[in-house]
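Please look over the sequence and the model below before reading on. The paragraphs that follow go through its strands and then its helices.

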Amino acid sequence: MAQYHTTKDPIAPLEFEGRTYDFIEQVDYPNGGCTRFYEHENTALAVDFDICRCDKKEDAFPYSLITDKQNQYMKEYLKFYRVMVQDLQRGQDQGHKDQWNVKKNPYDRGDTADASALEFLFEEKFSNVYGMSGLEYLVKEHCISDEDGNQYFLDYFVNTKNGQIAVEENGVTYHHPQIIGEDRYRKQLNKQNACTRAGIKLYRFSTEDCRFENRIEDDIRSFFGYDDSGFLKKGIVLERRLELYEHQKDTLLDMEMKRSEGISSFLIVFPTASGKSRIVEEDMRIFAGKHAGFKALILAPNNDIINDWNSRVDNTLPEYKDRIDIHTFAYMTRHYQELDPEEYSYIA
């Protein structure tokens, strides 16, 4: 858990976009920088001072010092803005017109290059809280635009009856302000403030936050709700059928190459919720197209996964439904002797 050094000694109110914001507290960071938090009615404002200062990257303070407070204020207030003090002054000098949008450039997707492992973990924890069906509500790579037409992509987005919620999975290397510097940190704030203007609450999970597995699930419940009764579809299950992830494409290509070399059995090892079943779906489609006598057997440990696979076949492989059997290991242990040894050309 993050350990803060905070002060609530009085500091003068702050003028921001024509409103007077009263000081709440100041969080001091080990690099000598700080963040001051202000409020005006149901809106909060964070102003960063020297937050990017860093002599050596290895001396960067824990990123959770930022994300914990970020999520606290995001949850507590209807709206929450964040800006560096130099941009706040620039905005005041220019009459408050979108002071964060310094450059009209498309969002650099390379900023999230290390997010995949965190995404897998988040999806696993999300499904632990709401069940596998909960992923149907989780939209990946949701696009928003600010008033100047700049586009930003959100790692995860859920539309609920009580409002819109987004999550960013922030790897330290590509998101910590001391490591990425002012320009890239400004882009990060542009994205966040665009969300606030659009009525989206944006929460951040960092690599450090993910060390505490039970806490992640508690935070998900806190931010999204204790059940999915307020969620609105559709989400990640449908979107992921549109395009394979890079690691899935690479795995399928590698399997095809190995098959040409006479290898017919494969062990695929990826983290939970990383899309292994999706790889099998696509591989079966490719295999069935090349083998006239195709018949497949999918073995699963329990009925929940059996039901998941029945749904997958109905939705993504309907043309092969009559040629794909899906059973538990226990069932096949009792009935395998009733089958011809050459019954199946494909077993998962």
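**Strands, then helices**

Strand β7, which covers residues 139–145, runs antiparallel to β8, and 6 bridges join the two. The model in which this pairing appears is a predicted one. Within the pairing, Ser145 has Gln151 of β8 as its bridge partner, and the two strands form a hairpin with 5 residues between them, where Gly149 in the turn has a positive phi of about 90 degrees.

Strand β8 itself spans residues 151–160, and because 7 of its 10 residues are buried, β8 is largely enclosed by the rest of the structure. Besides its pairing with β7, β8 is joined to β9 by 5 bridges, again with the strands running antiparallel, and these two form a hairpin with 2 residues between them. At this hairpin Thr160 takes Gly163 of β9 as its bridge partner. Thr160 also has a bridge partner in β11, namely Phe231, as part of an antiparallel pairing in which 2 bridges join β8 to β11, a strand made of residues 231–232.

Following the chain into β9, residues 163–170, one finds a strand that is mostly covered, with 6 of its 8 residues buried. While β9 runs antiparallel to β8, its pairing with β10 (residues 200–206) is parallel and comprises 7 bridges. In that parallel pairing, Gln164 stands opposite Ile200 in β10.

A further group of strands forms an open sheet of 3 strands in the order β13-β12-β14, with parallel pairing. Its edge strands are β13 (324–328) and β14 (346–347), each of which pairs on one side only. The pairing of β12, residues 296–300, with β14 is in the parallel sense and extends over 2 bridges, and here Leu297 stands opposite Ile347 in β14.

Turning to the helices, α1 consists of 13 residues, 64–76, and reaches 18 Å from its first C-alpha to its last, close to the 18 Å expected at 1.5 Å a residue. Since 10 of these 13 residues are buried, α1 is largely enclosed by the rest of the structure. Its buried residues include Leu65, Ile66, Tyr73 and Met74, and also Asp68 and Lys69.

How far does helix α8, residues 246–260, reach from its first C-alpha to its last? Its 15 residues reach 22 Å, close to the 21 Å expected at 1.5 Å a residue. The residues His247, Gln248, Thr251, Leu252 and Met255 of α8 are buried. Viewed down the helix axis, the buried residues of α8 fall within an arc of 135 degrees, so they line one face of the helix. The general geometry is helpful here: an α-helix has 3.6 residues a turn, so residues three or four places apart point the same way. On the face of α8 turned away from its buried side are the exposed residues Glu246, Leu253 and Ser260. The helix is followed by Gly262, whose phi is positive, near 95 degrees.

The last step concerns a pair of helices, α9 (residues 276–290) and α10 (residues 303–316), whose axes come within 12 Å and cross at roughly 45 degrees. An angle under 35 degrees would count as roughly parallel and one of 65 to 115 as roughly perpendicular, and α9 and α10 are therefore oblique to each other. As for handedness, α9 passes α10 in a right-handed crossing.

Technical notes
Residues numbered from 1 in each chain as written. Predicted model: local features only at pLDDT ≥ 70, side-chain atom pairs only at ≥ 80, totals over all residues. Heavy atoms only, no water. Helix = DSSP H or I, 4+ residues; strand = E, 2+ residues; numbered from the N terminus. Expected span 1.5 Å × (residues − 1). Buried < 20%, exposed > 50% of the residue type's maximum accessible area, 1.4 Å probe, protein only. Arc of directions from axis to C-beta. Pairing = 2+ DSSP bridges. Axes fitted to C-alpha atoms, helices over the stretch in contact; angles between N-to-C directions. Parallel < 35°, antiparallel > 145°, perpendicular 65-115°, else oblique. Left-handed = near helix turned anticlockwise from the far one by under 90°.
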